[in-house]
Amino acid sequence: MKSFLHFAALAIAVFAIAVTFPSFLPPMLAGPAPILLSQNVNFQPPDVTAPDNRQGGTHRGCQLREGLSITPLIPESNIGLTLTESPTFFVYVSQPAAQVEFILLNADESEVVYETTLKIDKPGIVGISLSEKDKTKNIEVGKRYVWSFALACDPLERSGDYIVKGWMQRIEPQANLKSDLANPDPMAKVIAYAKNGIWYETLATLAEMRRLAPDDSRLTTEWMQLLQSQGLESIAGQPLVQSF
């Protein structure tokens, strides 16, 4: 009986020490590390270039109404990479416009892959996603494509259109990028796209996050810093207004 009481007293004493000094207990195993707020979207441009025609455009004598301009959201290299067959293209239009035409062509501009006409209801940044049913050709891995946005000065005389152009190339993701994209956190995906120079998905994913959380100041900051990093500071603060 005495030995039992002695054992019980010893057990209570050990428990009391463990509660008083929790550092004696083994640490718990940590779970997967979350995406930290300190991790920023840092776009790393790939080593590719294309003819520059994203600012100012070609206008062949076109006289736009005062204050009307159009700026595509494209890296300084004037070419963006994509992993998908249906990327989203973004453009800033400074005023409402009755007719903005978007065309995607093959590299030598001999074949139309996709075309559509947009009516811009209010000024801001507009996103255009390619519709599978309206594409005339598949977007192939490893090939370059040329896109253009055109503002019609005179709908009856299209030779005077104000045009800006850019390039797009579809690539196959590397194994490390596929692994990073398996993370369900959308910010983790944005960071992975940006780190690997995948412009169109970086922009589209971040734009969708902003659409779902328009009051999130961190997303606004990330968006503005992304555009500023590619020389688009003049439109970085413009609102996302429409998608097609």
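What joins the side chains of Gln-169 and Arg-144? A polar contact of 3.3 Å does. The views below come from a predicted model.

**View 1. Five strands form an open sheet.** The strand order is 2-8-7-4-5. The pairing is mixed. Strand 2 (79–82) and strand 5 (112–120) are the edge strands. Each of these two pairs on one side only. On average, neighbouring strands of this sheet are turned by 25° against each other, direction ignored.

**View 2. Strand 4 pairs with strand 5.** Strand 4 covers residues 97–106. The two strands run in the antiparallel sense, and seven bridges link them. Look for Leu-104: Tyr-114 in strand 5 stands opposite this residue.

**View 3. Helix 4 lies across three strands.** The helix covers residues 199–212. Beneath the title's count stand strand 2, strand 7 (144–151) and strand 8 (162–170). Helix 4 runs at about 75° to strand 2.

**View 4. Tyr-162 sits in strand 8.** Its relative accessibility is 11%, so Tyr-162 counts as buried; the cut-off is under 20%. Ser-69 is 93 residues away along the chain. Even so, the C-alpha atoms of Tyr-162 and Ser-69 are separated by 8.9 Å.

**View 5. Gln-169 also belongs to strand 8.** Gln-169 counts as buried because its relative accessibility is 15%, and buried means under 20%. Leaving out residues up to four places away in sequence, Gln-169 touches Ile-79, Gly-80, Leu-81 and Thr-82, among others. Gly-142, Lys-143 and Arg-144 are also touched by Gln-169. With Arg-144, the side chain of Gln-169 makes the polar contact of 3.3 Å from the opening question.

Technical notes. Residues numbered from 1 in each chain as written. Predicted model: local features only at pLDDT ≥ 70, side-chain atom pairs only at ≥ 80, totals over all residues. Heavy atoms only, no water. Pairing = 2+ DSSP bridges. Helix = DSSP H or I, 4+ residues; strand = E, 2+ residues; numbered from the N terminus. Axes fitted to C-alpha atoms, helices over the stretch in contact; angles between N-to-C directions. Contact = heavy atoms within 4.5 Å. Buried < 20%, exposed > 50% of the residue type's maximum accessible area, 1.4 Å probe, protein only. Polar contact = N/O pair within 3.5 Å; in protein donor to acceptor, adjacent residues only side chain to side chain.
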